[in-house]
Amino acid sequence: MGYLIGVAMVTSAVLIISKIWKIFVILFWRPYSITRHFQKQGVTGPPYSILSGSLHEIKAMIKDARERIIDTHSHEITHRVLPHYQKWSSLYGKTFLYWFGTKPTICIADPELAKEMLSNKYGFYTKPEPRPSIVTMIGDGLVLVDGLEWVKRRRILNPAFSMDKLKVMISRMAACTISMLDEWKNQAIEAKGKFKTIEMNEEFHELTADIIAHTAFGVSFVQGREAFNAQRELQNHCIASSVDIFIPGTQYLPTRSNLQIWKLDREMKKSLQCIIESRLHDESDCSYGDDLLGAMIDASKTNNGLRLKMNEIVEECKTFFFAGHETTSNLLTWTVFLLGLHKEWQEKLREEVLHNCGTEIPDADMLAKLKMVNMVLIEALRLYTPALELQRVASEDIKLGNLLVPKGTCLAMPIIMMHRSKEYWGEDANEFNPLRFINGVSKAAKHPNALLAFGLGPRSCIGQNFAMLEAKTVIALILQRFSLSLSPHYKHAPANHLTLQPQYGLPIIVEPLNL
């Protein structure tokens, strides 16, 4: 009996020592060894603090930055949306090490190294493990899955985004837009001065939600409203916790925040399942439709190995409901901001639209001729890109350029800084100059991959052609009908709300051209 007690005590002691050693390694030894490893390569950064890493400093800088209003004519916004990157790059160079809790993160602001990571097809640079709240919001779909599962889903979804399919969607995009513009005109007519101030950020969120609902899922915004509203609320939860350390397992605790997240998730899934079931019941000619939802349902019944389960379809619906409207609405918001600020460009674009489209609803051939509209949209993506940074994790010890990167190191690519680098874009990198793209994107900068608004390589955004076609359609229809002016009440305060958004909205004065 005494022998067994002794063995149990020794085993318990070994387990306790093992756990203490593991904690010591995570909190002390690994941060020390990784810091030394990068110092030997000439890479330094802010000091590591036990458990929190660099988070206290990051939070303080973000809090201070959010209280500032910047000059409306200034497009240098890095110090407001990623203030820690701005400060640390000035102190330690464009490649530096910082700590998100106990997770080492290397800032990579070199387009060539970004290309090396994003173009890799061998799984050396994987997507970081997302927080459970992020997965709940955008779904465990194409954006988050990796490996063979990503290959399967991309292959299933690619046909829904072919240019032939997208061209057919223009009329639906236009119909949703005209409905919004008719409401603007009615509001302007009712106003005494024949013009009206419209809060564009909210308008474009609703518009692009309606468009993605109609074009990808065959429903109206009203039918998908519950899912959209739930996602918007979930986005607020994700923003609030984005600079906090996540403790695994806490997502299962019945906290007030988790209870609300679970409730919103149930609402979103119920709304999406209703849309899917409606399509299943409306089957005609043995086809479920040629849009995104139809392609996914067809894939749930195929026998060629590319099967999608119903729960996977729900997750993909979450992904495309969010990604399909959030980024495009931001592109439209910042494009209208730039056109309201630079009225001479607004006139140039209106002339181009009227010359090629007249007052008709534009079709694919007309939109293809809008070269200046395209240049302005790309310049808006450069200056006010929706996604501020991309991240990958080294899946093994690897050499990136001349840098030896240990397994598990996060590699952060601050897109917004790379888009403003004078090294690649010239002395006018912080200025609005659409003509830089007159010879195409690859020739606009000193590096052909200096623009990363839609990513790069095999995991580049599947919806980029959809987004650009939609944005062109909306801008063309607006310019045919309205003059846009920036409201004197506008406060220039771009903010990182998972995507780049105006913190205080975007009030624009709209005046109908033909009353």
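Two strands count as paired when DSSP finds at least two bridges between them. Keep that in mind for the exercises below, and remember that this is a predicted model.

**Exercise 1. Work out the strand order and the edges of the sheet that contains strand 4, strand 9 and strand 12.**

Step 1: count bridges. Strand 4 and strand 12 are joined by four bridges and run antiparallel. With a threshold of at least two bridges, that is a pair. Want a register point? E199 sits opposite P507 in strand 12.

Step 2: do it again for strand 9. Five bridges link strand 9 to strand 12 (residues 507-512), again antiparallel. Here S485 faces I509 of strand 12.

Step 3: put the pairs together. The result is an open, antiparallel sheet of three strands in the order 4-12-9. Its edge strands are strand 4 (196-199) and strand 9, each pairing on one side only. On average, neighbouring strands here are turned by 35 degrees against each other, ignoring direction.

**Exercise 2. Which helices pack on this sheet, and at what angles?**

Step 1: start with helix 8 (residues 163-190). Helix 8 touches strand 4, strand 9 and strand 12, and its direction makes about 140 degrees with that of strand 4.

Step 2: move on to helix 13 (residues 310-341). Helix 13 packs on the sheet through strand 9 and strand 12, with its direction at about 85 degrees to that of strand 9.

Step 3: look at how covered strand 9 is. Of the five residues in strand 9 (residues 482-486), four are buried.

**Exercise 3. Describe the five-stranded sheet and the helices that lie on it.**

Step 1: get the order. The five strands make an open sheet, 1-2-8-5-3, with mixed pairing. Strand 1 (96-100) and strand 3 are its edges, each paired on one side only.

Step 2: zoom in on one pair. Strand 3 and strand 5 are antiparallel partners over two bridges, and T126 stands opposite V393 in strand 5.

Step 3: add the helices. Helix 5 packs on the sheet by touching strand 3, strand 5 and strand 8, with its direction at about 125 degrees to that of strand 8. Helix 4 (residues 83-92) lies across strand 1, strand 2 (103-107), strand 5 and strand 8, running at about 140 degrees to strand 1.

**Exercise 4. Why do the buried residues of helix 5 sit on the same side of the helix?**

Step 1: list them. In helix 5 (residues 111-118), the buried ones are P111, L113, A114, M117 and L118.

Step 2: check the arc. These residues span only 160 degrees around the axis, so they end up on the same side of helix 5.

Step 3: see what they face. Their packing partners are strand 3 (125-126), strand 5 (389-394), strand 6 (398-400), strand 8 (410-414), helix 17 and helix 18.

Step 4: finish with the N-terminal end. D110 caps helix 5 there, with a side-chain oxygen 2.8 Å from the backbone nitrogen of E112.

**Exercise 5. Sort S421, E423 and C461 into buried or partly exposed, and place each one.**

Step 1: use the cut-offs. Buried means under 20% relative accessible area, exposed means over 50%, and partly exposed is in between.

Step 2: take S421. At 15%, S421 is therefore buried. The loop between helix 17 (415-418) and helix 18 (422-425) holds S421, and its contacts beyond four places in sequence are G426 and A429.

Step 3: take E423, in helix 18. At 47%, E423 is partly exposed. Beyond its neighbours within four places, E423 contacts K94 and K446, and a polar contact of 3.3 Å ties its side chain to that of K94.

Step 4: take C461, in the loop between helix 18 and helix 19 (464-481). Its 35% makes C461 partly exposed. An unreviewed UniProt entry annotates C461 as "binding site".

**Exercise 6. Where do L51 and L498 lie, and what is the sign of phi in each?**

Step 1: L51 belongs to the loop between helix 1 (2-39) and helix 2 (55-66). Its phi is positive, near 70 degrees, in a residue other than glycine.

Step 2: L498 falls in the loop between strand 10 (494-497) and strand 11 (499-502). Phi of L498 is positive too, at about 70 degrees, although L498 is not a glycine. With 30% relative accessibility, L498 counts as partly exposed.

Note on methods. Residues are numbered from 1 along each chain as its sequence is written. This is a predicted model: local features need pLDDT of at least 70, side-chain atom pairs count only at pLDDT 80 or more; totals for chains, interfaces and linings use all residues. Side-chain values use heavy atoms; hydrogens and water are left out. Buried means under 20% relative accessible area, exposed over 50%, partly exposed in between (1.4 Å probe, protein chains only). Contact means heavy atoms within 4.5 Å. UniProt positions are given in the numbering used here, feature names are shortened, and annotations may be inferred rather than shown by experiment. The arc is that of the directions from the helix axis to the C-beta atoms. A polar contact is a pair of N or O atoms within 3.5 Å; within protein, one must be able to donate a hydrogen and the other to accept it, and residues adjacent in sequence count only if both atoms are side-chain atoms. Axes are lines fitted to C-alpha atoms, for helices over the stretch in contact, and angles run from 0 to 180 degrees between N-to-C directions.
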